[in-house]
Amino acid sequence: MDSQSIKQYYRQHRTAIIVALSGLFYAGGWSLGYVPGSIFDTAGTAILVLAAVVGGYDIAKSAYYEVKSRTLGVKTLVTLAAIGAIAIGSYWEAAAVVFLFALGSYLEGRTMRKTRNALEELLEMTPDTATVRRDGEQTEVPARDVGVGEIVIVKPGEKI
């Protein structure tokens with residue numbers, strides 16, 4: 001793989017990569033909290049803060065623009081919750097809030113893309129013309145010109 005294809009892959013899957021990294025850091029930091037020893041506590045704390053920063057960067061950036069445009073949204077609230085949790089020393093909560101919000105946003109975006117693609121495919125299946133019976137004759141007309149109450153003739157293999 002050359003650097004150009006790596007960059008392209010990263011651009012295409014950036015959100016998924018960030019959510020995965022945040023989740024891995026979150027799980028790693030949380031796990032280190034159960035290992036006895038102060039060095040592990042410090043490492044766990046650092047990794048949890050890293051999880052919050054990695055997962056929360058884009059959220060905080062969006063929150064900045066929300067505040068700049070004098071609106072408050074959920075991204076602003078998540079950012080404030082994460083900053084507040086870090087300020088009071090609740091690193092686990094900061095990482096959890098950020099990771100769960102980032103994961104939810106990613107899944108929502110993915111679902112919306114799939115829904116949009118499915119609707120586009122349905123619209124592509126819409127026929128451009130229809131065969132109608134007018135004055136005893138079969139006439140092919142643009143589908144948008146079919147009137148209410150007209151008899152539409154559907155031949156085998158045609159789309160309705």
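**Exercise 1.** In which helix is the place of Y9?

*Solution.* Y9 sits in helix α1, where a helix is a DSSP run of H or I with at least four residues, numbered from the N terminus. This is a predicted model: local features need pLDDT of at least 70, side-chain atom pairs count only at pLDDT 80 or more, and totals for chains, interfaces and linings use all residues. Residues are numbered from 1 along each chain as its sequence is written, and side-chain values use heavy atoms, leaving out hydrogens and water.

**Exercise 2.** Classify the ring pair of Y26 and W92, then place both residues.

*Solution.* Start with the rule: rings of Phe, Tyr and Trp (its six-membered ring) pair if their centres lie within 6.5 Å, and planes under 30 degrees apart are stacked, over 60 edge-to-face, the rest tilted. The structure holds 4 aromatic pairs. For Y26 and W92 the centres are 6.2 Å apart and the planes at 40 degrees, so this pair is tilted. Next, Y26 lies in helix α1 (residues 3–32) and W92 in helix α4 (residues 91–125), so the pair ties together parts 66 residues apart in sequence. Finally, Y26 is buried at 18% relative accessible area, while W92 is partly exposed at 37% (buried is under 20%, exposed over 50%, partly exposed in between, with a 1.4 Å probe and protein chains only).

**Exercise 3.** Now try W30 and Y34: which kind of aromatic pair do they form?

*Solution.* Their centres are 5.3 Å apart with 80 degrees between the planes, an edge-to-face pair. W30 is partly exposed at 42%, and Y34 is exposed at 63%.

Definitions and conventions. Helix = DSSP H or I, 4+ residues; strand = E, 2+ residues; numbered from the N terminus.
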